[in-house]
Each structure stands twice: as C-alpha cells, then as structure tokens.
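I opened a new page today to get to know this protein fold. Come along and look over my shoulder.

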Amino acid sequence: MTAQLDPQLNCAPEQIRHIHLMGICGTAMAALAGMLKESGYVVSGSDQNVYPPMSDFLAQAGIAVMQGYRPENLEPRPDLVIVGNVIRAIYPEAQRLAELRIPYLSMPQALGHFFLHSVIKPLVVAGTHGKTTTSSLLATALHRADRSPGFFIGGIVEAFGSNYRIGTGDCFVIEGDEYDTAFFNKVSKFLHYRPFCAIITSIEFDHADIFADLEQIKASFRQFVGLIPAAGALIACIDDPVVAEIAALCPGQVIGYGTGANCRWQLRDFAANGLGSTFAARKDEKLFGEFSLPMPGKHNALNALAVIALLEHLGLSGEEIRRGLASFEGVKRRQQVRGEVNGITVMDDFAHHPTAVRETISALRLAWPERRLLVVFEPRTNTSRRAVFQQDYETAFAGADMVVVREIMPLDHAAPGDSFSSRQLAAALNQQGIPAEYFPDTDAILAFLLKQARPGDVIAILSNGGFDNIHARLLEAFNRDLQ
C-alpha cells in the first residue's frame with residue numbers, strides 16, 4: 001500500500017510541542033533535529049540505519065531514535081512529522097502518518113519555516129561543485145567577523161565542530177542542494193530556502209536518478225534565481241556559460257566572478273604553496289586585496305573569491321574578509337589529511353563527479369609536485385554507478401601516478417547496459433599510461449595498497465561515503481607494519 005498524504009496537511013500547525021523526524025540519521029535530518037531540540041521542542045525520530053556517528057550525536061542530544069519505519073513509531077502522536085527524502089510512500093510509518101492525518105513537512109520546508117523567517121537573510125550556496133567548502137568558508141568568515149551567523153551545511157565545519165548552528169545574527173548560511181525534497185514534493189531542496197543572496201559556483205549534469213538531462217537541472221536553477229528579491233544579490237561564476245545564462249534571469253543584482261575579462265570580480269596571481277595557496281582579488285579592474293587560503297587548488301581559490309564578493313557586498317571590510325579566509329580550518333572529508341605514517345600521507349575527499357575528481361587531483365598535484373600520488377576511487381552515488389559519466393571519468397584522473405577503483409554496488413533499478421564499469425575505467429587509464437587496477441571490495445584494495453605504498457606517497461581516497469572506514473584501517477595497517 002502507498003501512503004496517500006493529504007496536501008492540506010503539508011503545513012506546520014499553530015501549536016507545536018513534539019516533532020518527529022522520519023529518516024533522522026541522515027546528516028541534514030540529524031542537524032535539523034539538533035536545531036529543533038536546541039529551540040525547545042520535544043524531538044524524536046526513526047531510521048533504518050541507527051549507528052554511529054549519528055546515533056551517538058542524537059543520543060548525546062537527548063533525542064529518542066526508533067529502529068525501523070514501524071507504524072507504532074507515531075505513538076504517542078506527535079504534533080508535526082518531518083519526512084526525510086529517504087522515506088518512500090510504501091513504508092508502514094508513512095502509511096500510518098497518512099491514516100492519523102498528522103501535519104507534515106519535508107526537511108527543507110521545516111528549515112524554512114522554523115529558521116529562515118523574515119528577520120533573517122538566507123545566504124544560499126548552490127551549484128554542482130564546491131557547495132560545502134564555499135558555505136563553510138562563508139560561515140567561518142562571518143563568524144570571525146563577529147556576525148554570529150546561523151548555518152546548515154552538508155559537512156562538519158572544523159571551526160565549529162558541527163554542520164549546523166542557530167546563530168544570533170541576521171545571516172543564515174545554507175548549502176543549497178538541487179536534489180529533490182521528498183516523495184510528496186518532487187522539487188529541488190533549494191527552492192524552499194528563501195534566498196536573499198546566493199552564490200552559484202557551477203551548473204553541470206548530475207543526479208541522473210532525479211534529472212533526465214541538463215535542461216531539467218537548468219529549469220530548477222531558473223526557479224531558484226527567480227526567488228532572489230530585487231534587494232538581494234546573486235554571486236555567479238560567469239566563466240561557466242550555463243551559470244551566466246541562468247544568472248541573467250535573476251531579479252536581484254548579479255555580481256559576476258571568475259577569471260574572465262567580463263567578470264566584475266577577477267581571480268589573479270594564483271600560486272600554490274603546499275596545502276595552501278595565495279591569490280589576488282580584483283574588483284572592477286582594481287586590486288581589492290591579496291589573500292591566503294589554507295587549501296590547495298585553483299577551484300578553491302575561486303570558491304573563496306565568491307565568498308569575498310558576497311562578504312564585501314554585505315559590508316565586511318577587506319581586512320575582516322582576509323582574516324576570515326586565512327584562519328579557515330577546513331571541512332571534514334574535503335581534502336582532509338587523515339594521517340601520515342612512515343612518510344605516507346592518507347587523504348580523504350568527497351569528490352565523486354568527474355569534474356570534482358579532476359579538480360581535486362589537479363590541486364593535490366600542485367600541492368605535492370614531487371610526490372607519488374595514488375588515487376583510490378569509489379563510485380558510490382546513484383549517478384556515478386551509471387554509465388552516463390563512463391567516458392568523463394576516463395579523462396578525469398590525469399595527474400595521478402596510480403589509480404585504484406572499487407567495483408560498484410549494483411543499482412536496483414538500472415536499465416541493462418546502464419551500469420558504470422570499473423573494469424572499463426581501469427583499462428582506459430592503463431591505455432593512457434596511468435597504471436590502474438580495479439578490485440571487488442575494500443579488503444582487496446587495502447591488501448593492494450599495503451604492498452604498493454612506499455615512503456613519500458600521497459594516497460587520496462575519493463568517495464562520498466564511509467568506504468568501509470578504509471582511511472583508518474589503512475593507517476592502522478601501516479602502523480602495524482612499523483612495529
């Protein structure tokens with residue numbers, strides 16, 4: 001049976017004490033649960049995957065979590081249910097929600113209702129790439145300038161040790177995802193975030209399980225920029241012709257950034273310096289300032305330039321911006337050094353789209369030009385496990401000295417011939433002169449790396465998931481070899 005939710009109940013009631021979250025162990029849902037608990041609500045939740053670290057986080061917050069999506073999870077009856085996008089209409093708990101006629105919201109709707117009210121300026125960072133890093137830079141710089149921003153971001157921001165904060169200032173930074181909202185609301189999440197100002201870093205095809213083609217993605221972004229008010233602003237990377245096309249539709253002020261001559265804000269004099277970089281920012285053909293960033297890669301300098309442009313628009317001084325960027329501690333799982341043993345550095349990065357893979361490898365190559373770079377790649381997303389990017393991945397690993405690819409977990413609903421082939425990727429890379437291997441599981445990859453790695457190597461592990469805790473297991477194995 002499929003849950004038939006009443007659209008008229010898709011709202012928040014006037015009186016709310018107890019809020020229940022279905023799918024509470026997702027990164028965004030757990031963050032929302034924490035924010036609601038801090039705001040004084042009684043919060044409960046349910047999930048099929050109740051395990052650390054999210055189970056520990058929720059327990060420490062005093063939030064009761066039930067295992068599985070059972071009908072009895074809605075007893076005692078909550079005043080409001082927030083439904084995560086992992087929830088399907090066939091789940092028994094969703095069916096019971098419909099039967100009990102409890103008011104309900106999606107996660108993005110709830111974030112908008114409870115935290116993005118009229119006195120707040122939502123600053124939404126959108127785009128195919130760089131959302132988490134750019135959002136984190138923006139929130140950290142605002143914090144260091146004593147603006148006390150709220151934020152809701154898809155990664156743990158090291159300056160706060162968290163991916164959310166309610167804040168007391170008038171700005172709220174949000175990572176704006178174009179992925180869909182919930183089974184009853186098949187629109188992009190960022191359409192619920194009420195942008196006052198926004199950044200768009202890039203627009204490419206992604207999320208092949210949701211969008212049929214780039215045109216559908218562009219349609220969502222058109223709707224998004226249309227939400228920015230005349231008093232607001234869009235900071236747009238107009239080096240990207242698709243972004244430039246979409247930005248032209250914005251009712252608010254459009255501030256272009258990039259490297260091109262037609263950009264109001266221009267990146268100049270970029271230089272790599274190990275895991276850091278320096279660059280100059282020019283505004284209206286004049287030097288605005290020189291900046292240092294404790295992150296490698298030109299793509300990260302461009303993300304920082306977007307933040308500079310927005311912060312200057314919001315009235316921060318060049319010196320406040322400079323201090324905020326220079327003091328940025330990073331984001332977990334974004335070019336994060338997990339450890340070094342016997343001269344072997346193990347890094348963790350979230351890159352999975354071909355463009356992100358290419359930019360990450362380029363940045364690491366600039367950071368360590370003399371060291372051997374071994375790249376371990378897990379195709380894990382619904383898109384990367386499809387054949388749609390097979391050829392793009394074959395050109396994304398230039399700069400790596402060796403590539404190791406994990407076999408995909410088959411998709412449940414992939415059409416015949418629509419699956420990504422790790423074997424084919426390894427073969428194509430070998431033909432280009434890049435040594436490459438593919439393996440069926442993490443254990444086999446670990447065994448291979450233990451034989452291949454030598455002092456001076458950088459091992460970069462690219463995945464949007466936990467990858468069977470490969471980073472810690474690899475470092476532990478290297479340590480055992482030294483004993």
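Below are my notes on sheets, helices and a few single residues.

**Ground rules**

I am working with a predicted model, where local features need pLDDT of at least 70, side-chain atom pairs count only at pLDDT 80 or more, and totals for chains, interfaces and linings use all residues. Residues are numbered from 1 along each chain as its sequence is written, and side-chain values use heavy atoms, with hydrogens and water left out.

**Entry 1: the parallel sheet**

I began with an open sheet of five strands, in the order β3-β2-β1-β4-β5, with parallel pairing. (Strands are DSSP runs of E with at least two residues, helices are runs of H or I with at least four, and both are numbered from the N terminus; two strands pair if DSSP finds at least two bridges between them.) Which strands stand at the edges? They are β3 (64-67) and β5 (104-106); each has a single partner strand, so one side of each is left without a neighbour in the sheet. From one strand to the next, I noted an average twist of 20°.

I then looked at β4 (residues 80-83), which runs parallel to β5 and is joined to it by three bridges. One pairing I wrote down is V83 with its bridge partner S106 in β5.

Two helices lie across this sheet. Helix α1 (residues 27-38) lies across β1, β2 (42-47) and β4, at about 175° to β1. Helix α4 (residues 107-115) lies across β1, β4 and β5, and it runs at about 100° to β5. (Axes are lines fitted to C-alpha atoms, for helices over the stretch in contact, and angles run from 0 to 180 degrees between N-to-C directions.)

**Entry 2: I16**

I found I16 in the segment before β1 (18-22). Is I16 buried or exposed? Its relative accessibility is 19%, so I16 counts as buried. (Buried means under 20% relative accessible area, exposed over 50%, and partly exposed in between, with a 1.4 Å probe and protein chains only.)

I16 touches Y41, D79, L80 and F114, leaving aside residues up to four places away in sequence. (Contact means heavy atoms within 4.5 Å.) Y41 is 25 residues from I16 along the chain, yet their C-alpha atoms are separated by 7.8 Å.

**Entry 3: strand β12**

Next I looked up β12 (residues 197-200). C197 and I199 point one way from this strand, A198 and I200 point the other way, and all are buried. I reminded myself that side chains in a regular strand alternate between the two faces of the sheet.

Strand β6 (residues 121-126) runs parallel to β12, with four bridges joining them. Four bridges also join β12 to β13 (residues 233-237), again in parallel. C197 is the bridge partner of L123, and in β13 the bridge partner of C197 is A233.

**Entry 4: two helices meeting**

Helix α5 (residues 131-144) packs against helix α8 (residues 298-313) at about 45°, with the axes 9 Å apart. That angle makes α5 oblique to α8. (Under 35 degrees counts as roughly parallel, over 145 as roughly antiparallel, 65 to 115 as roughly perpendicular, and the rest as oblique.) Which residues make the contact? On α5 they are T133, T134, L137, L138, A141 and L142, and on α8 they are N300, N303, A304, V307, L310 and L311.

**Entry 5: the mixed sheet**

My last sheet is open too, with six strands in the order β18-β19-β23-β20-β21-β22 and mixed pairing. The edge strands, β18 (336-341) and β22 (436-439), each pair on one side only.

β18 and β19 (residues 344-349) run antiparallel and are joined by five bridges. Their hairpin has two residues between the strands, and N342 takes a positive phi near 55° there. Farther along the sheet, β20 (residues 373-377) and β21 (residues 402-406) run parallel, with four bridges. F377 stands opposite V405 in β21.

Helix α12 (residues 422-431) packs on the sheet, touching β20, β21 and β22. Helix α13 (residues 442-452) lies across β20, β21, β22 and β23 (458-462), at about 165° to β21.

I closed with D457, in the loop between α13 and β23. D457 counts as buried because its relative accessibility is 1%. Among the residues D457 touches are G343, R371, R372 and Q452.

Note on methods. Two strands pair if DSSP finds at least two bridges between them.
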